[in-house]
Amino acid sequence: MAADSFAINPAGVSTRPISERLHDWVVTVDHKKLGILYIVYALGFLMIGGIEATLMRIQLMVPNNHFVSPEVFNRLFTMHGTTMIFFVAMPILFGFGTYLIPLMIGTRDMAFPRLNALSFWLTAFGGLLLYFSVIGGNGLYGAGNAPDVGWFAYAPLTSRPFSLGHSTDFWTLGLLVSGVGSIGTAVNFITTILCMRCPGMTLGKMPLLAWLNLVMAGMVILAVSPLTAAQIMLCVDRYLGGHFFDTQAGGSAVLWMHFFWIFGHPEVYVLIIPAFAFASEIIPVFSRKPIFGYPVMVAATVCIGFVSLSVWAHHMFTVGMSSYANSFFTITTMAVGVPTGIKIFNWIGTMWGGKIEFKAPMLFCIGFLFQFLIAGLTGIMMAASPFDWQLGNSYFVVAHFHYVIVGGILFTLFGAFYYWFPKMSGRMYSETLAKWHFWLFLIGFHLTFDFMHVPGMLGMPRRIYTYEPGRGWEIWNLIVTVGVLFQIAGVLAFVGNLLWSLAKGEVAGNDPWDAWTLEWSTTSPPPEYNFARIPVVESRRPLWDIKHPEDPDWKYE
Amino acid sequence: MSSAGLSGSTVEPRWILPSRGRVGMVALIAAESAIFTIFVVAYIFYVGKSLSGPLPRDVLTIPIFNSICLLSSSLTIYLAVRALRNAKIGLFGFWWFVTLALGMIFLIGTGREWHRLIFDDGLTVSTNLFGTTYYSLVGLHAFHVTFGLLVIAIVMTFTLLGKVRSEYSERLDVFSMYWHFVDAVWVVVFTVVYVIGR
């Protein structure tokens, strides 16, 4: 214990003035500090995006409401979507990856530590640039402030005549800058995972988290680059008078849709694959069994990576494509459900017959399993293009993708927070508060997003700022907004838990979960060099081998 | 359990992983290829869709000399890196300078072509779709050439100062992958803009 408490407050740090310690964080190239910077930064934006969502739900709670104006509502949904995808989900997942990958593959840092720092600061300044539009968006025209073109910014809304001032430029530049940062992170992940593994860790013995992040990074390279290209084109249109998306001069608005969704759909998998990675690490540990079907898990992930690159136009069924395109994208979209289904069965197979411990990380992963299944099922429904013609651009779509992002990604993220919090901080969180968080958030989530499907089926379009009474939408919208209260309560329990545990939590020790991957072999929090000696592994569960020398894994693999 | 407690009983004597520089550069090239792909797709999609002139067949001439210069610079950079690996610093400096010169000729050629298009033919980014897509695609490539030439010029400076040594050949080898990529992209751009698009 003495050694552990020494690790939490290294003697040299506490005596130095706070300005020096802050300076350390700004100039750091250490993957652990950068990982935490990513996470803290994303949590800040999560609060902002959450407040935007809450304001929208207050506006839609009752019909004919005038809580916010239509213009403000447009800005709210644009900023909410952009913030949550680009400045919450991606940085927070990159943050966990940056923190965990070197620890899990047994090395001392990323392959390119300075590129790592550059990527973080690019992402950070991208977010600041987006929000600077609130101050700088007026420009010389006195029109518009925050971007109000929707998070996919369809042409011609983004052209000069329809978007005066600079708000759209801040949106474009913010995404361009953070996109370059994302590509840098992806290059770093791929290089780290391929070139920095500790001796003995062949590709077949890598933790699934590393495997899945490798696939995710590959997808970032292939998916975020088109967005970067499209943003450059939009800049050319807006600043140099180009005609890429200018229908008046023969340009095509549909081309922007294609370019955006070539990014946009793989992006969903860029976000969900790290969530799968968390589930693949947490579920085995709390089921006390090794992961079921490791090679199939890897193959299914690679398969998702490939197939998801060819499904993008299912976002565009309603714009009127040819019947061949509709059939093609319907088939590919349904096909991507197959490897995803394989993964769900593998997680259930891992839990089957296991000695399941219902700690907070496991609870969130179980919630994820059920909710992700339902999100996948509504996804299959929407993949059928005739069905999508009926419900496209309705609240059914909004409910579907929030089911994926909140019910799938955010739930595993909360699980990952509780699972790795002891490693990152050296302290245990409060299990009671975590359970409160889980149940409050679960109730809130289901109140909000289960019932959000219904007004969609009843014809409520997305992105309307208010609606008339008498369409049968009132009660559903009220329930949806009430659910938000529970979600807020849950998030408050989460934040309170983090803050309280950081200061007062029990000292965690190296390995509070009796887990099997390398990050648990070093101190909590790990020293700057991670490992005093670079470990050598012989199986997928190196710590199991050490704890059970009489029955090591490598005998069976 | 301490971190020192991790040691295998049978350690493989050799544990060799791919070079960081090469893997990182391949990943970067993959990302760049995706960016260029989108620009090429936009160019092909808009071929023949301009509502007004000037059109490609009226104003574009095939830059054969330029292309020969750029493509042969791939060979000279290869020879330069090979010379450095064999510790022939003088020979390296010679080929490196030739690479720099060939790249400069290409860039100047592009500049002259643009000057003619802008001032003689009146084609700018905002003239028509051809102008928008042409300047974007060729400009994106020229931007990559410029970046590469900056790096080459920096290395040339160090060579003249006598600071380049044989052990840096690995790094320059990684950089030469980027230069080969820029040349390969030119083959695509050339085909799309000056052959198919004309």
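## Confidence in chain B

In this predicted model, the confidence of chain B is highest in helix α1 (residues 20-45) of chain B, with a mean pLDDT of 97. The lowest value in chain B belongs to helix α2 (residues 56-59) of chain B, at a mean of 92. Over chain B as a whole, pLDDT averages 92, and 93% of the residues score at least 70.

Residues 1-9 of chain B have a pLDDT that stays under 50. For this stretch, the model nevertheless has 21 contacts beyond four places in sequence. Predicted coordinates should not be read in detail where pLDDT is low. For the model, the scores are ipTM 0.92 and pTM 0.93.

## The interface between chains A and B

The two chains meet through 44 residues of chain A and 35 residues of chain B. On the side of chain A that touches chain B, at least two residues come from each of α7 (167-195), α8 (208-240), α9 and α18 (542-547) of chain A. Helix α8(A) gives the most to this side, with 10 residues.

By class, the side of chain A that touches chain B comprises 28 nonpolar, 12 polar and 4 charged residues.

## Nonpolar cores

The largest nonpolar core holds 214 residues, and within this core Ile190(A) and Val220(A) touch the most other members. Beyond its neighbours within four places in sequence, Val220(A) is in contact with Ser182(A), Ile183(A), Ala186(A) and Val270(A). Apart from the largest core lies another core, of 7 residues, and its members include Ala53(A), Leu60(A), Met79(A) and Ala146(A).

## The surroundings of Trp261(A)

Trp261(A) is placed in helix α9 (residues 253-287) of chain A. This residue counts as buried because it has 21 C-beta neighbours inside 10 Å, the cut-off for burial being 20 or more.

Residues up to four places away in sequence aside, Trp261(A) touches Trp312(A), Ala313(A), His315(A) and Met316(A). Between Trp261(A) and Gly407(A), the separation is 146 residues in sequence and 22 Å in space, C-alpha to C-alpha.

## Cis peptide bonds

Each chain offers an example of a cis peptide bond. In chain A, the bond joining Ala155(A) and Pro156(A) is cis, with omega about 5°. Pro156(A) is located in the loop between α6 (113-136) and α7 of chain A.

In chain B, the cis bond runs from Gly53(B) to Pro54(B), and its omega is near -10°. The loop between α1 and α2 of chain B contains Pro54(B).

## Positive phi outside glycine

Arg463(A), a residue other than glycine, has a positive phi near 70°. Its place is in the loop between α16 (431-457) and α17 (474-504) of chain A. Arg463(A) counts as partly exposed because 13 C-beta neighbours lie inside 10 Å, a number that falls between the limits of 12 or fewer for exposed and 20 or more for buried.

Asn530(A) is not a glycine either, yet its phi is positive, at about 65°. This residue lies in the loop between α17 and α18 of chain A. Asn530(A) is buried, since 23 other C-beta atoms are within 10 Å. The two loop residues thus carry different labels: Arg463(A) is partly exposed, whereas Asn530(A) is buried.

Key:
Residues are numbered from 1 along each chain as its sequence is written. Chains are lettered from A and ligands numbered from 1 in the order in which they are written. This is a predicted model: local features need pLDDT of at least 70, side-chain atom pairs count only at pLDDT 80 or more; totals for chains, interfaces and linings use all residues. Helices (H or I, at least four residues) and strands (E, at least two) are DSSP runs, numbered from the N terminus. Two residues are in contact if their C-beta atoms, placed from the backbone, lie within 7 Å. pLDDT is the predictor's confidence in each residue, from 0 to 100. A nonpolar core is a set of buried Ala, Val, Leu, Ile, Met, Phe, Trp, Tyr and Cys residues joined through C-beta atoms within 7 Å. Ala, Val, Leu, Ile, Met, Phe, Trp, Tyr, Cys and Pro count as nonpolar, Asp, Glu, Lys and Arg as charged, and the others, Gly among them, as polar.
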